[in-house]
Amino acid sequence: MQSELEKIFENQQGKFDTFEPDSGHFERFRNRIETKKAKKRSTTLLFAKIAVAASIALLVGIWMGSEYASKGLELAAVSTEMKETQNYFIATIEKELTLVELERSGENERMINDALERIKTLETKYELLTLELKESSEDRRIIYAMISNFQSRIDILQSLLERIESVKELKKQNDENYV
């Protein structure tokens, strides 16, 4: 086996490229790599946008379906001010969910899923509050609890986004330290 390798090298002797590369070779090589990375990022970004759009459509569909299926009384049914309040909270929650989905990656998947589970729990409690509100639409404590529920969901999402940003900053600092 070794003798075969020696024969190959002997046959190729004098044919090896021993010259220095042209000036700018490394820059051209680096540019080609960066171009390929940029193309890969744009493809990944496109798929991320599609996933976000699908997630939003799914959430709106679930929300619309749960609104029709709900046997309780929504906050919006109490007064026009409460309708505006509910619409504001729902729009804010949807915006925060969109931002969370844009940040979703393998590194933060577990953190996002945990936060979404907490939000599901709050949504279930909200459904119970709608049932209580239907029974007693004049009870301000229920209305305040519903508003607090919306605020808690927003707080969870904002806290999640802050933690994701912190993790990204730490990763960026670690990457800079290793370079």
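In this predicted model, the second largest pocket encloses about 370 Å³ of space. Sixteen residues line that pocket, and of these T44, L102, E103, R104 and S105 lie closest to its centre. When the lining is sorted by secondary structure, the elements that contribute two or more residues to the second largest pocket are α2 (25–69), α3 and α5, and the largest share, five residues, is supplied by α2.

Helix α2 also holds R28, whose surroundings can be described briefly. With a relative accessible area of 43%, R28 falls in the partly exposed class, because that class covers the range between under 20%, which is buried, and over 50%, which is exposed. Once neighbours within four places in sequence are set aside, the contacts of R28 are with D22 and S23.

Enclosed space can be considered next, since rolling a probe the size of a water molecule over the atoms shows where empty space is left. How many cavities of 30 Å³ or more does the count give? The count comes to one cavity at that threshold, and the space in the largest cavity is about 40 Å³. Its lining is made up of I56, L59, V60, E94, L97 and T98, and the elements that give two or more residues to this lining are α2 and α3.

Helix α3 is also the place of K83, which has a relative accessible area of 45% and is therefore classed as partly exposed. Leaving out its neighbours within four places in sequence, K83 is in contact with L75 and A76. The first of these contact partners, L75, leads on to the nonpolar interior, as L75 is among the residues with the most contacts inside the largest nonpolar core, together with M146, F150 and L160.

That largest nonpolar core has 26 residues. Helices α3 (80–103), α4 (109–135) and α5 (140–178) each supply at least two residues of the core, and α5 gives the most, with 11 residues. For L160, one of the residues with the most contacts inside the core, the partners are V100, M111, I112 and A115, not counting residues up to four places away in sequence.

F150, also among the residues with the most contacts inside the core, takes part in the aromatic arrangement as well. A search of the whole structure finds three aromatic pairs, and a pair of aromatic rings is described by the distance of the centres and the angle of the planes. For the pair formed by Y126 and F150, the centres are 4.9 Å apart and the planes make an angle of 50 degrees, an arrangement that counts as tilted. What does this pair tie together? Y126 lies in helix α4 and F150 in helix α5, so the pair ties together parts that are 24 residues apart in sequence.

Both partners of this pair are buried, and the values can be given for each in turn: Y126 counts as buried because its relative accessibility is 5%, and F150 is buried at a relative accessible area of 2%. In the wider aromatic arrangement, ring pairs link Y88, F89, Y126 and F150 into a cluster. The ring of Y126 has a further neighbour, in that the charged end of R153 sits over the ring at 5.2 Å from its centre. Y126 thus takes part in a tilted aromatic pair with F150, while its ring also lies beneath the charged end of R153.

Conventions:
Residues are numbered from 1 along each chain as its sequence is written. This is a predicted model: local features need pLDDT of at least 70, side-chain atom pairs count only at pLDDT 80 or more; totals for chains, interfaces and linings use all residues. Side-chain values use heavy atoms; hydrogens and water are left out. A nonpolar core is a set of buried Ala, Val, Leu, Ile, Met, Phe, Trp, Tyr and Cys residues joined through side-chain atoms within 4.5 Å. Buried means under 20% relative accessible area, exposed over 50%, partly exposed in between (1.4 Å probe, protein chains only). Helices (H or I, at least four residues) and strands (E, at least two) are DSSP runs, numbered from the N terminus. Contact means heavy atoms within 4.5 Å. Rings of Phe, Tyr and Trp (its six-membered ring) pair if their centres lie within 6.5 Å; planes under 30 degrees apart count as stacked, over 60 as edge-to-face and the rest as tilted. A charge sits over a ring if NZ of Lys or CZ of Arg is within 6 Å of the ring centre and within 35 degrees of the ring normal. On a 1 Å grid over the protein atoms alone, a cavity is a set of points where a 1.4 Å probe fits but cannot get out, and a pocket is an open set with protein on both sides within 12 Å along at least five of seven lines; lining residues have an atom within 4 Å of a point. Grid points are joined across faces, edges and corners, and a volume is the space filled by probe spheres set on the points.
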